[in-house]
Amino acid sequence: MKTIKLKIDGIETEAEDRTTVLTIAQKLGIKIPTLCHHPLLEPYGVCRICTVEVRLGKRIRMVTACNYPATNGVEVLTNSPRVRRDRKMILEWMMARCGHVKVIEDLAAEYGIIEPRFGRGDDDCILCGLCVRVCSDVVGANVLGFFNRGATREVSTAYGETSEKCIACGACAYVCPTGAIRIENDAALVRQELPLGPLTPIYVPFLQAVPHQPVIDRESCIHFKTGECKVCDKVCEVKAVDHTLEDTIENIDVGAVILATGFKQFDPAAISEYGSGIYPNVLTGLEFEKMNSASGPTGGQIMLKDGEIPKSVGIIHCVGSRDERNNKYCSRVCCMYALKFAHLIKEKTGANVYNFYIDMRCFGKGYEEFYHRLLEEDVRFIRGRAAEITNYPLNEQEAGKLIIRVEDTLIGEVRRVPVDMVILATGLEPVADAAEIARTFNISCGNGFFTERHPKLAPVSTATDGIFIAGTCQGPKDIPDTVAQAGAAASAVQSLISRGEIEVEAATSAVDPERCSGCRICNTLCPLSAISFDEEKKVTVINDVLCKGCGTCAAACPSSAILARHFTDEQLFSEIEGVLYDVRA
Amino acid sequence: MTFEPKIVGILCNWCSYTGADLAGTSRIKYLPNVRVVRVMCSGRVDPTFILKAFADGADGVLVAGCHPGDCHYIEGNYKTIRRMALLKRMLADYGIEPERFRLEWVSAGEGERWAHVVNQITEDVRKLGPSKIRPAAKREAAVPAA
């Protein structure tokens with residue numbers, strides 16, 4: 001590329017040939033006002049506000065900086081009296097159409113316009129075409145276009161109707177310099193939905209993610225809807241964005257596996273009397289956590305659906321836990337996170353907080369003390385499982401509130417507690433595919449949670465050697481317990497690695513290939529998948545490393561071809577004879 | 001003197017054998033009629049073991065393993081359930097009352113339960129009298145003269 005020399009506002013500079021004047025000026029830090037320009041779009045040159053004076057020899061021209069390619073030896077003036085005069089005229093014309101748009105009024109003030117000569121119009125679209133171009137060139141939806149000509153020219157959708165092709169991405173509203181386009185969404189005006197997914201199409205999964213890299217959410221990414229956009233690709237200087245990446249399945253050989261598949265939040269829709277999903281101000285534990293998070297949709301502000309700050313909040317404990325109809329077990333974490341919520345609500349909003357509990361289970365270090373601190377903070381505790389949440393008021397006090405009906409078992413009375421917001425302390429459940437995972441790894445799975453080898457002596461190992469479990473996939477537990485178990489699992493794996501060798505069971509089973517008829521009855525019996533079939537020799541073989549010597553296969557073999565070492569048929573027959581020595585014939 | 005049945009107990013190593021051990025270390029008193037054979041898993045119990053025990057003169061056979069879902073080998077006891085259900089149907093054909101055979105679940109922590117299971121099967125078999133397929137001479141000897 002040829003390099004040219006030019007002068008902007010007296011500054012001598014070099015640039016590549018045919019670079020636009022605007023680009024060169026911006027690099028030098030010289031401010032040229034723009035309205036119809038956007039770095040991701042081709043220059044359009046319709047608003048004319050970037051007009052500059054270009055001198056080449058004796059020739060003087062007024063050109064638009066955004067699309068005028070610089071040539072060798074030109075001299076550019078971006079703020080000469082003539083430029084200022086022209087821009088002032090352009091602004092006055094603009095105001096004749098859009099007299100009350102802030103960005104134009106600001107520019108007008110900058111150029112000394114006190115009252116425009118041609119009056120002020122009431123429109124707010126300056127026909128810069130940014131929205132039309134972003135919709136067709138970037139988003140690829142082609143929803144917006146120019147209609148009519150001359151004074152009646154306007155931006156619109158086809159026939160002015162709501163377009164089916166509009167994906168409501170909001171790009172047009174984003175680029176509009178005058179704010180003429182707004183996204184109409186009632187929810188956006190008040191508290192947003194509390195989605196548990198990402199808030200933007202490109203996001204870092206969570207703050208401590210390893211690797212700490214942003215990912216693209218296919219569901220909301222414009223590129224995966226229209227095939228266009230790729231703005232992220234264009235702005236990424238190191239070209240790290242790749243939209244063509246697909247999920248791949250990779251085989252990795254490992255010697256040990258730690259399962260940490262976690263839990264799923266109990267879906268309170270199963271308890272219809274709590275009205276989750278019906279009353280917008282009834283939140284699950286995770287939804288409240290999302291709202292309360294400083295990086296959440298409300299920036300950590302606790303608010304009702306209509307944007308108001310709640311004056312009273314009810315927290316219902318044991319939702320889906322310790323419940324004959326749902327899960328009988330205690331989810332262990334809810335008491336403490338409910339107390340945390342109560343504390344934060346009190347601190348952030350000063351609202352009255354009511355906890356409806358069966359038993360307070362503050363079992364950990366410092367937990368009971370925290371509970372006592374809350375009692376002193378004037379958080380109310382009502383002992384009783386909430387019966388129902390209703391919005392049907394019986395008196396004026398209850399109007400417009402959510403009413404929690406509960407039997408207060410400490411005073412022996414049925415109460416109605418009106419509150420603005422209800423948080424359900426939802427319990428922990430096993431993930432939906434826990435049984436499938438357990439089958440894949442040959443471990444046992446009681447009521448959805450993986451079973452450890454021994455509840456006290458081997459809490460992180462499983463029935464299958466080399467498979468370890470950590471966290472809530474083994475059972476509900478809080479973060480300290482999870483960290484402790486995960487640490488134990490990691491060191492169990494480390495000790496396997498550092499030892500460099502493993503011990504195998506001595507009392508394994510073996511197949512006598514001479515006697516094996518190849519019936520394959522035993523093949524599906526092995527709980528540890530140690531049995532395979534040799535297709536070539538048509539006999540069954542047992543993997544000595546995987547076999548734990550339970551002998552189930554030996555008991556099933558119709559041709560007695562399987563020898564369960566240390567527990568052979570002969571040995572066991574002799575033992576039976578031995579214990580019956582005194583009655584045998 | 002009453003009839004003292006001879007019962008063969010086949011116990012899994014991880015739950016029932018340990019449970020029986022616990023009954024002993026806990027000093028729980030129970031009838032001495034069950035004679036124990038240890039296997040690694042109740043899934044190892046070949047139905048022929050039970051037939052062999054009866055053929056050799058046992059008055060009853062007790063197979064005990066881990067509770068369903070608690071098997072050390074994940075699912076060995078489920079296979080036992082299936083096999084023993086089939087065996088129980090066949091026993092009558094051999095002239096053995098199906099009540100002489102029993103499949104029970106005793107965990108490693110259930111010493112009390114082990115004692116209870118043993119007492120129960122012993123009393124039940126005692127009521128049935130000596131096994132009919134027990135060698136004749138031994139059968140007469142087993143029933144004390146009144």
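These are my notebook entries on a predicted model with chains A and B.

**Entry 1. Chain A overall**

I began with the makeup of chain A. Its secondary structure comes to 15 helices and 27 strands. Of the 585 residues in chain A, 31% are buried. I then looked up the contacts in chain A with a separation of 6 or more, and found that residues 24 or more positions apart account for 60% of them.

**Entry 2. Helix H1 of chain A**

Next I went to H1(A), which spans residues 21-28. I asked which of its residues are buried. The list holds Val21(A), Leu22(A), Ile24(A) and Ala25(A). Looking down the axis of H1(A), I find these buried residues within an arc of 165°, so they line one face of the helix. I also checked what the buried residues of H1(A) pack against: the partners in chain A are strand S1 (3-8), strand S2 (11-16), strand S3 (51-56) and strand S5 (75-77). Just after the helix I noted Gly29(A), whose phi is positive at about 80°.

**Entry 3. Helices H2 and H3 of chain A**

I took helix H2 (residues 81-97) and helix H3 (residues 102-110) of chain A as a pair. Their axes come within 10 Å and cross at roughly 145°. The crossing of H2(A) past H3(A) is left-handed. On the H2(A) side I listed Leu91(A), Met94(A) and Met95(A) as making the contact, and on the H3(A) side Ile104(A), Leu107(A) and Ala108(A). Sorting the residues of this contact by class gave me 6 nonpolar, no polar and no charged.

I then looked at burial in H3(A). Its buried residues are Ile104(A), Leu107(A) and Ala108(A). They fall within an arc of 105° when I look down the axis of H3(A), so they line one face of the helix. What do the buried residues of H3(A) pack against? I found H2 of chain A there. On the face of H3(A) turned away from its buried side I recorded the exposed residues Lys102(A), Asp106(A) and Ala109(A). Just after H3(A), Gly112(A) has a positive phi of about 75°.

**Entry 4. Helices H10 and H11 of chain A**

The next pair I looked up was helix H10 (residues 334-349) and helix H11 (residues 367-376) of chain A. They pack at an angle of about 35°, and their axes are 10 Å apart. H10(A) passes H11(A) in a left-handed crossing. From H10(A), I listed Met336(A), Leu339(A), Ala342(A) and His343(A) in the contact; from H11(A), Tyr367(A), Phe370(A), Tyr371(A) and Leu374(A). By class I have 7 nonpolar residues, 1 polar and no charged ones in the contact of H10(A) with H11(A).

**Entry 5. A sheet in chain A**

I traced an open sheet of 3 strands in chain A, in the order S16-S17-S18, with antiparallel pairing. Strand S16 (386-390) and strand S18 (413-419) of chain A are the edge strands, each pairing on one side only. On average, and with direction ignored, neighbouring strands of this sheet are turned by 20° against each other. How many bridges join S16(A) to strand S17 (residues 402-408) of chain A? I found 4, with the two strands running antiparallel. In one position I checked, Glu388(A) stands opposite Arg405(A) in S17(A).

**Entry 6. Where chain B touches chain A**

I turned to the two chains together. 27 residues of chain B are in contact with 27 residues of chain A. On the chain B side, I found that strand S2 (34-39), helix H2 (47-55) and helix H3 (76-91) are the elements giving two or more residues. I split the residues of that side into 12 nonpolar, 5 polar and 10 charged.

**Entry 7. Val45 of chain B**

Last I looked up a single residue, Val45(B), in the loop between S2 and H2 of chain B. Is Val45(B) buried or exposed? I count it as buried because it has 30 C-beta neighbours inside 10 Å, and the cut-off for a buried residue is 20 or more. Leaving aside neighbours within four places in sequence, I listed its contacts as Ala555(A), Ile10(B), Val39(B), Val63(B) and Thr80(B). For Val63(B) I also noted the spacing: Val45(B) and Val63(B) are 18 residues apart in sequence, and 8.1 Å apart in space from C-alpha to C-alpha.

Terms used. Residues are numbered from 1 along each chain as its sequence is written. Chains are lettered from A and ligands numbered from 1 in the order in which they are written. This is a predicted model: local features need pLDDT of at least 70, side-chain atom pairs count only at pLDDT 80 or more; totals for chains, interfaces and linings use all residues. Two residues are in contact if their C-beta atoms, placed from the backbone, lie within 7 Å. Ala, Val, Leu, Ile, Met, Phe, Trp, Tyr, Cys and Pro count as nonpolar, Asp, Glu, Lys and Arg as charged, and the others, Gly among them, as polar. A residue is buried if 20 or more other C-beta atoms lie within 10 Å of its own, exposed if 12 or fewer, and partly exposed in between; C-beta atoms are placed from the backbone. The arc is that of the directions from the helix axis to the C-beta atoms. Two strands pair if DSSP finds at least two bridges between them. Axes are lines fitted to C-alpha atoms, for helices over the stretch in contact, and angles run from 0 to 180 degrees between N-to-C directions. A crossing is left-handed if the near helix is turned anticlockwise from the far one by less than a right angle, and right-handed if clockwise.
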